[in-house]
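Colleague: I would like to see how the labels on this model are earned. Take me through them one by one.

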Amino acid sequence: MAEKATPVTPDEADDIRVTLDLDNGSVECKIITIFDADHMDYIALLPLDKNGNENESCEVYLYRYFEDEEGLPRIENIESDDEYEAAADRFDELLDDEMFDDI
């Protein structure tokens with residue numbers, strides 16, 4: 001089932017946030033990146049605490065990402081363990097590349 005990612009007005013252009021409506025309530029998240037793995041697009045979201053700060057556990061949500069017929073962003077749960085593993089591995093590679101670039 002596709003979930004709607006509702007954009008939130010960002011304080012800065014590079015600090016784009018979305019609000020996810022989950023079963024246990026809504027959570028505001030910062031978009032880390034949208035990336036490709038095995039010819040599918042995924043989005044990495046960093047959930048924020050009630051004050052809008054990054055969570056202390058550095059937990060990240062990964063979802064399948066696409067745009068609908070009207071060009072609106074949509075996300076879907078990753079249902080398969082294999083697909084999740086491929087997306088998580090690709091996200092880890094991107095983090096490693098970014099850390100290497102910062103050195």
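Colleague: Why is R17 called buried?
Modeller: R17 has a relative accessible area of 15%. Buried means under 20%, exposed means over 50%, and partly exposed is in between, with a 1.4 Å probe and protein chains only. R17 is under the cut-off, so R17 counts as buried.

Colleague: What are the ground rules?
Modeller: This is a predicted model, in which local features need pLDDT of at least 70 and side-chain atom pairs count only at pLDDT 80 or more, while totals for chains, interfaces and linings use all residues. Residues are numbered from 1 along each chain as its sequence is written, and side-chain values use heavy atoms, with hydrogens and water left out.

Colleague: How do you know that R17 and E28 form a salt bridge?
Modeller: Their side chains come to 3.5 Å, N to O. A salt bridge needs a side-chain nitrogen of Lys or Arg within 4 Å of a carboxyl oxygen of Asp or Glu, so this pair qualifies. R17 lies in strand β3 (residues 17-22) and E28 in strand β4, so the pair ties together parts that are 11 residues apart in sequence.

Colleague: What makes E28 partly exposed?
Modeller: E28 has 27% relative accessibility. That value falls between the two cut-offs, so E28 counts as partly exposed.

Colleague: What makes a stretch a strand or a helix here?
Modeller: Both are DSSP runs, numbered from the N terminus: H or I over at least four residues for a helix, E over at least two for a strand. The protein has 1 helix and 7 strands. From the N terminus on, their order is β-β-β-β-β-β-β-α.

Colleague: How do you know that strand β4 and β5 pair?
Modeller: Two strands pair if DSSP finds at least two bridges between them. Strand β4 (residues 25-37) and β5 have 8 bridges, in the antiparallel sense. I34 has I43 in β5 as its bridge partner. The two strands form a hairpin with 2 residues between them, and D38 in the turn has a positive phi of about 50°.

Colleague: Which strand pairs with β5 over 4 bridges?
Modeller: That is strand β6 (residues 61-67), again in the antiparallel sense. Y42 stands opposite R64 in β6.

Colleague: What makes β5 mostly covered?
Modeller: Strand β5 spans residues 40-47, and 6 of its 8 residues are buried. Across the 103 residues of the protein, 30% count as buried.

Colleague: How do you know that R64 forms a salt bridge with E83?
Modeller: Their closest N and O atoms are 2.7 Å apart. R64 lies in strand β6 and E83 in helix α1, so the pair ties together parts that are 19 residues apart in sequence. Both residues are buried. R64 and E83 also belong to a network of salt bridges with E76.

Colleague: Why is E83 called buried?
Modeller: E83 has 17% relative accessibility, under the cut-off, so E83 counts as buried. E83 sits in helix α1 (residues 81-102). Contact means heavy atoms within 4.5 Å. Leaving aside neighbours within four places in sequence, E83 is in contact with M40, Y42, R64 and I78.

Colleague: What links D68 and R74?
Modeller: A salt bridge, with the closest N and O atoms 3.1 Å apart. Both D68 and R74 are buried. The structure holds 6 salt bridges.

Colleague: Why is L48 called buried?
Modeller: L48 has 9% relative accessibility, under the cut-off, so L48 counts as buried. L48 is in the loop between β5 and β6. Beyond four places in sequence, its contacts include R17, E28 and K30. L48 and K30 are 18 residues apart in sequence and 7.0 Å apart in space, C-alpha to C-alpha.

Colleague: Why is V60 called partly exposed?
Modeller: V60 has 26% relative accessibility, which is in between the cut-offs, so V60 counts as partly exposed. V60 lies in the loop between β5 and β6. Among its contacts beyond four places in sequence are I32, A44 and F91.

Colleague: What links F35, Y42 and F91 into a cluster?
Modeller: Ring pairs do. Rings of Phe, Tyr and Trp (its six-membered ring) pair if their centres lie within 6.5 Å; planes under 30 degrees apart count as stacked, over 60 as edge-to-face and the rest as tilted. The whole structure has 2 aromatic pairs.
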